[in-house]
Amino acid sequence: MKRVLVLGAGLVSRPLVRYLLEQPDFEVTIASRTKSKADALIAGHHKGHTTDLLTEDTAKLEKLVREHDLAISLLPAPQHPVVAEMCVRHRKHMVTTSYISPKMRVLDKPARDAGVTLLNEIGVDPGIDHMSAMRIIHDV
């Protein structure tokens with residue numbers, strides 16, 4: 001069973017969490033500053049777990065990263081490099097929904113050397129955003 005850590009329980013989390021929980025080989029932990037939101041996403045699923053997390057609590061964040069196989073950061077973009085550094089240090093893969101920032105770019109070589117994938121937003125989201133906006137505009 002692969003252990004996936006989802007950081008953040010905002011609006012974009014729900015489809016991801018539901019998809020992961022439907023997969024036979026994934027166990028999901030959602031860490032969020034608002035645990036009640038994380039609990040609602042898991043909705044009692046037997047492969048889902050939640051915990052409260054303030055990103056300033058780097059010891060707890062590091063422990064969570066270390067205990068999982070993959071970290072998916074849905075946190076605000078400035079917080080991704082902190083998570084990425086921990087992922088590299090513990091040889092854990094990471095996915096984010098944000099563009100590659102200069103601070104993330106610096107981690108490319110250390111991640112490659114550690115055999116870790118740091119996957120940032122890869123160009124799909126702006127296109128989907130634009131298509132959705134145009135559909136709404138045309139409907140109106």
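## Worked exercises on a predicted model

S98 touches A77, H80, N120 and E121, leaving out residues up to four places away in sequence. Keep in mind that this is a predicted model. Each exercise below has a task, then a solution in steps.

### Exercise 1: S98

Task: Work out where S98 sits, whether S98 is buried or exposed, and which side chain it pairs with in a polar contact.

Solution.
- Step 1: Find the element. S98 belongs to the loop between strand 5 (93-96) and helix 5 (102-105).
- Step 2: Check the accessibility. The relative accessible area of S98 is 13%, and buried means under 20%, so S98 is buried.
- Step 3: Go back to the neighbours. H80 is one of the residues that S98 touches, and the side chains of S98 and H80 make a polar contact at 2.9 Å.

### Exercise 2: The nonpolar cores

Task: Say how many residues the largest nonpolar core has, and which helix gives it the largest share.

Solution.
- Step 1: Count the core. There are 21 residues in the largest nonpolar core, and L5, L7, L61, V83, C87, M94 and L118 have the most contacts inside it.
- Step 2: See which elements feed this core. At least two residues each come from strand 1 (2-7), helix 3 (58-67), helix 4 (80-89) and helix 6 (108-114).
- Step 3: Pick out the main supplier. Helix 4 gives this core its largest share, five residues.
- Step 4: Look for a separate core. Another core lies apart from this one; it has 13 residues, including V6, V17, L41 and I42.
- Step 5: Zoom in on L5. Beyond its neighbours within four places in sequence, L5 is in contact with T29, A31, L64, V65, H68, L70, A71 and I72.

### Exercise 3: T50

Task: Find which side chains make polar contacts with the side chain of T50.

Solution.
- Step 1: Place the residue. T50 is in strand 3 (residues 48-52).
- Step 2: List what T50 touches. Not counting residues up to four places away in sequence, the list is I30, K35, A38, D39 and I42.
- Step 3: Pull out the polar pairs. The T50 side chain has a polar contact of 3.0 Å with the side chain of K35 and another of 2.5 Å with the side chain of D39.
- Step 4: Add a distance. K63 is 13 residues away from T50 in sequence, and their C-alpha atoms are 14 Å apart.

### Exercise 4: Two residues of helix 1

Task: For S13 and P15, decide which is buried and which is exposed.

Solution.
- Step 1: Place both. P15 is in helix 1 (residues 13-22), and so is S13.
- Step 2: Take S13. Its relative accessible area is 0%, so S13 is buried.
- Step 3: Take P15. Its relative accessible area is 56%, so P15 is exposed.
- Step 4: See what S13 meets. Leaving aside neighbours within four places in sequence, S13 is in contact with G8, L41 and L74. A polar atom of the S13 side chain lies 3.1 Å from the backbone oxygen of G8.
- Step 5: Add a distance for P15. T58 is 43 residues away along the chain, with 27 Å between the two C-alpha atoms.

### Exercise 5: Loop residues and phi

Task: Describe the phi, place and accessibility of A43 and R91, then turn to K92.

Solution.
- Step 1: Start from the usual case. Most residues other than glycine have a negative phi.
- Step 2: Look at A43. A43 is not a glycine, yet its phi is positive, about 50°. A43 is in the loop between helix 2 (35-42) and strand 3, and at 59% relative accessibility A43 is exposed.
- Step 3: Look at R91. R91 also is not a glycine and has a positive phi, about 55°. R91 is in the loop between helix 4 and strand 5 and is exposed, at 54% relative accessibility.
- Step 4: Move to K92. K92 is in the loop between helix 4 and strand 5, but K92 is buried, with a relative accessible area of 16%.
- Step 5: Follow the K92 side chain. It reaches the backbone oxygen of R66 at 3.3 Å and the backbone oxygen of H68 at 3.2 Å. Both R66 and H68 are among the contacts of K92, along with V65, D69, C87 and V116.

### Exercise 6: A pocket

Task: Describe the lining of the second largest pocket by class.

Solution.
- Step 1: Take the volume. The second largest pocket holds about 310 Å³ of space.
- Step 2: Count the lining. It has 16 residues, and G8, S32, R33, L75 and P76 lie nearest the centre of the pocket.
- Step 3: Sort by class. Seven lining residues are nonpolar, six are polar and three are charged.

Key:
Residues numbered from 1 in each chain as written. Predicted model: local features only at pLDDT ≥ 70, side-chain atom pairs only at ≥ 80, totals over all residues. Heavy atoms only, no water. 1 Å grid on protein atoms, 1.4 Å probe; cavity = no way out; pocket = protein on both sides within 12 Å on 5 of 7 lines; lining within 4 Å. Points joined across faces, edges and corners; volume = space filled by probe spheres on them. Nonpolar A, V, L, I, M, F, W, Y, C, P; charged D, E, K, R; others polar. Helix = DSSP H or I, 4+ residues; strand = E, 2+ residues; numbered from the N terminus. Buried < 20%, exposed > 50% of the residue type's maximum accessible area, 1.4 Å probe, protein only. Polar contact = N/O pair within 3.5 Å; in protein donor to acceptor, adjacent residues only side chain to side chain. Contact = heavy atoms within 4.5 Å. Core = buried A, V, L, I, M, F, W, Y, C linked by side-chain atoms within 4.5 Å.
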